[in-house]
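Here are a few short exercises to work through with the viewer open. Try each one yourself before reading its solution.

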Amino acid sequence: MAIQKIGVIGAGQMGNGIAQVFAQAACHVVMIDVSADALKKGIETIGKSAAKLVEKGKLQPHQMAQTMALVMPSSDYGLLRDRDLIIEAATENLDLKRKIFAQIDAVAGDNSILASNTSSISITTLAAGTKRPRKFIGMHFMNPVPLMQLVEIIRGLDTDDETYNAIMETAKRLGKTAVACNDSPGFVSNRILLPMINEAVFALMEGVADVESIDNIMKLGMNHPIGPLALADLIGLDTCLSIMEVLHRDLGDSKYRPCPLLRKYVAAGHLGRKSGRGFHKYA
Ligand code: NAD
């Protein structure tokens, strides 16, 4: 089945990036969000990102125009009726995602594939809440989506081969590299990345070093492109906390305990880049 019509749920930093890469691959995208402001910002972000790609010579000006024309922002889940593939990229919260998939499942055609971009939540659990667990899969894009090469593909317990093959093929069509893993809390990427970020927050809380020093030591010493606290700000501190909570609860090991300082920042509304302040401050 040629996947051509896409639905993306959530117009936040991941949702608009996913919408953009599909539109750049000439797919028609409906991008749904409950927030009109998020939809407006999402379209603006796609415009800015595509313009930067044109500047760098990675996208032709006519492709930028085509990309913008192919993304339709909306708050109407009814528009998902004819979609070949619907990718959920809303806030990292199990109850919210369950509700969203119930809504999607009610309107999507029988042949639609449903995917979640969740960072940590069980694909098998989300799939079980729909009437199509065989056509459900994890499609975990990396941030920022237009620039990052990897898509981590997660098979739920009942995902069938047809769905898996169609999604591997689709990722390739986007110019991405798909790497598969099994369904387990945090999959591979966040099982390893998030405990490192959490440990950096513990180091900060315990006064081992200040924010700049922690980031510089990890950047220069480990050859990481950005430090762990700057990366936490990029991911979103609320998302980091949700992922640590899933690892802690679902793996049942105290080594995944979210750092109290991370909880404090989230409680204060300091969520990183998206709120203008996290461990670093942003204009
Ligand atoms: P975000 O906070 O930037 O955006 C989430 C969006 O979901 C918001 O615009 C919000 O209005 C919208 N939303 C909430 N409820 C909704 C509903 N019922 N219907 C439609 N939209 C709804 O978050 P994000 O960073 O884009 O993360 C989205 C998902 O992608 C999460 O599951 C996250 O774990 C995952 N993810 C995040 C990153 C990252 O680096 N931030 C990387 C990979 C995966």
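**Exercise 1.** Which residue caps the N-terminal end of H4?

*Solution.* Keep in mind that this is a predicted model. Start at the N-terminal end of H4 and look for a side-chain oxygen facing a backbone nitrogen: the cap is Asn-93, whose side-chain oxygen lies 3.1 Å from the backbone nitrogen of Asp-95. The helix itself covers residues 94-107. Its 14 residues reach 20 Å from the first C-alpha to the last, close to the 20 Å expected at 1.5 Å a residue.

**Exercise 2.** Find the buried residues of H4 and explain why they lie on the same side of the helix.

*Solution.* First, take residues under 20% relative accessible area as buried. In H4 this picks out Lys-97, Ile-100, Phe-101, Ile-104 and Asp-105. Next, look down the axis: they cover an arc of only 135°, which puts them on the same side of H4. The general rule helps here: an α-helix has 3.6 residues a turn, so residues three or four places apart point the same way. Then turn to the face away from the buried side, where Lys-99 and Ala-106 are exposed. Finally, ask what covers the buried residues: the cover includes strands S1, S4, S5 and S6 as well as helix H5.

**Exercise 3.** Describe the largest nonpolar core and follow the contacts of Phe-141.

*Solution.* The core has 33 residues, and Phe-22, Leu-85, Met-139 and Phe-141 have the most contacts inside it. Helix H1 (residues 13-24) gives the largest share, 6 residues. Leaving aside neighbours within four places in sequence, Phe-141 is in contact with residues including Met-14, Ile-18, Phe-22, Ile-87 and Leu-174. Apart from this core lies another, of 28 residues, among them Val-201 and Leu-261.

How values were computed: Residues numbered from 1 in each chain as written. Predicted model: local features only at pLDDT ≥ 70, side-chain atom pairs only at ≥ 80, totals over all residues. Heavy atoms only, no water. Helix = DSSP H or I, 4+ residues; strand = E, 2+ residues; numbered from the N terminus. Expected span 1.5 Å × (residues − 1). Buried < 20%, exposed > 50% of the residue type's maximum accessible area, 1.4 Å probe, protein only. Arc of directions from axis to C-beta. Contact = heavy atoms within 4.5 Å. Polar contact = N/O pair within 3.5 Å; in protein donor to acceptor, adjacent residues only side chain to side chain. Core = buried A, V, L, I, M, F, W, Y, C linked by side-chain atoms within 4.5 Å.
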